[in-house]
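Colleague: Could we go through this model together? I would like to hear the reasoning behind each label you use.

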Amino acid sequence: MGWDTWNHFGCNVDEDTIVSAANAIVQNNLTQFGYEYVIIDDCWQAPSRDNQTGAPVADPTKFPNGMEYLSNKIHSMGLKFGIYSDAGTLTCGGHFGSLGYEEIDAKTYAEWGADYLKYDNCYNEGLAGTPHISHERYANMSRALNVTGRPILYSMCSWGEDGPWNYAQTIANSWRISGDVMDSFDRYDERCPCTSVIDCKLPGFHCAVSRIIDFAAPLGQKAGPGHWNDLDMLEVGNGGMSFEEYRTHFSMWSILKSPLILGNDVTNMTNETMTIITNTAIIAINQDAAGSPANRMWKRSISQGGETSLWAGALVNNTFVFALLNTSPVNQTVEIDFVDVFFDQGPAYQTQPYEVFDLWQKDDSGNWGKNIGTIQGGMNVTIGIHQTMVWKAVPAPQASTKRNYAEL
Ligand code: GLA
């Protein structure tokens, strides 16, 4: 969990942008909710590397005190420091990339005190097209990071090209699954042309949130602790979606166990934005130690467009999460059958009663996750336009049919 400059600031980044954001993260207590990485995305670089050593250099105008200074400052605030580069000759913004410079770059990032590397895929000289070629190119940086001895979270950003979910578990901590997210719930955009990311030949950008959810649906099986599907940075708070849509965005990224990297201006947030990004019950699902992404158990097309879908996943301690998503433009009444929710667990789980908690409602003490009762078999719900409802299910103690000795 953390914050990244790109979605809101693009290339307009400098020391002030980062320090102000880090201050806002601390002042808004976002650290308490788990947000800790402060990541500088593209455009931090000087026009060229150090011409003596070949080491990467930060833009001296944007970062007059250098990266080590900035990193120390971020660490002194109790946060972690993330940097960005690209497994190509240039970054997507046209700055120097790391292809062929993996060792010196990793060493320099470690000296700067980096805790996270986002590693992009532009200008890769065509070194893609098979999983093996992509693996080798990304593994070079993985090895170089490991040689430094500093723990650095390695976040691959190859947009799902060559199916990193099939090979990246042993070299990276997360991998992007698609082209870049756009701050829109379902806007059609031909620049994100693939209908599925499996064998997608042009990941592109301007991928709407509902599209990325669809892309992620089959990939949960490939992720787990230490190796995650990255659905891209959050757009919550950037203004292109409604409150309900942003709740869906945050809920789905959470239950699919995507990294939660904020992408808004954290120095200027509405109450609605804060409400969404600080829902502790939803965050707990994202951070659940079992690390098991929810799976889509069914989807049903709606005649006016979009669909309803049911998602379910296991959590630690024999508890479960399930969610209903409505991407259609009409309210829907849906019957949720526990045979579907607990399909993976089998008949005993499908028939037993559960204490069910609605994770977008607060209980009487003001904590997220309201107990809505003991429920057996299934439930009927009405769901709004573009809404996601998320519940946690805890097996309820069943009345014992045996009488104990003392009662006799
Ligand atoms: C690519 C990445 C984005 C961002 C930009 C920066 O498009 O996918 O997340 O890092 O490059 O140029």
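Colleague: What share of the contacts in the protein between residues at least 6 apart in sequence join residues at least 24 apart?

Modeller: That share is 69%. This is a predicted model, and a pair of residues enters the count if their C-beta atoms lie within 7 Å.

Colleague: What makes the protein as compact as a globular protein of its length?

Modeller: Its radius of gyration is 22 Å, and the globule rule gives 22 Å for 408 residues, so the protein is as compact as a globular protein of that length. Along the principal axes, the C-alpha trace spans about 85 × 45 × 40 Å. Twelve helices and 16 strands are found in the protein, and buried residues account for 47% of the 408 residues.

Colleague: Which parts is the protein divided into, and how do you know that they touch?

Modeller: The parts are domain 1 (2-287) and domain 2 (295-395). Their centres, taken over C-alpha atoms, are separated by 30 Å. As for touching, 18 residues of domain 1 are in contact with 19 residues of domain 2.

Colleague: Which element gives the most to the side of domain 1 that touches domain 2?

Modeller: That is α8, with seven residues. Both α8 (243-255) and α10 (280-287) supply at least two residues of that side. By class, the side has seven nonpolar, seven polar and four charged residues.

Colleague: What does the UniProt record say about residues 306-392?

Modeller: An unreviewed UniProt entry annotates them as "domain: Alpha galactosidase C-terminal". In the model this stretch is 10% helix and 59% strand, and its end C-alpha atoms are 25 Å apart.

Colleague: Which residues are around the ligand, and how do they divide by class?

Modeller: The residues around the ligand are Trp6, Asp41, Asp42, Thr91, Cys92, Gly93, Asp120, Cys157 and Asp180. To belong here, a residue needs its C-beta atom within 6 Å of the ligand. The shell divides into three nonpolar, two polar and four charged residues.

Colleague: Why is Asn124 called buried?

Modeller: The cut-off for buried is 20 or more other C-beta atoms within 10 Å. Asn124 has 21, so it is buried. Its place is the loop between β4 (116-120) and α6 (131-148). Leaving aside neighbours within four places in sequence, Asn124 is in contact with Ala87, Gly88, Leu99 and Arg137. Leu90 is 34 residues from Asn124 in sequence, yet their C-alpha atoms are 8.0 Å apart in space.

Colleague: And what makes you pick out Asp162?

Modeller: Its phi is positive, near 60°, in a residue other than glycine. Asp162 lies in the loop between β5 (153-156) and β6 (174-176). With 22 other C-beta atoms within 10 Å, against a cut-off of 20, Asp162 is therefore buried.

Colleague: Where is His206, and why does it count as partly exposed?

Modeller: His206 is in the loop between β6 and α7 (209-216). Buried begins at 20 neighbours and exposed ends at 12. His206 has 17 C-beta neighbours inside 10 Å, a value in between, so it counts as partly exposed. His206 also has a positive phi, of about 60°, although it is not a glycine.

Technical notes
Residues numbered from 1 in each chain as written. Predicted model: local features only at pLDDT ≥ 70, side-chain atom pairs only at ≥ 80, totals over all residues. Domains from an automatic or database assignment. Contact = placed C-beta atoms within 7 Å. Helix = DSSP H or I, 4+ residues; strand = E, 2+ residues; numbered from the N terminus. Nonpolar A, V, L, I, M, F, W, Y, C, P; charged D, E, K, R; others polar. Rg over C-alpha atoms; globule rule 2.2 N^0.38 Å. UniProt positions renumbered as here; feature names shortened; annotations may be inferred.
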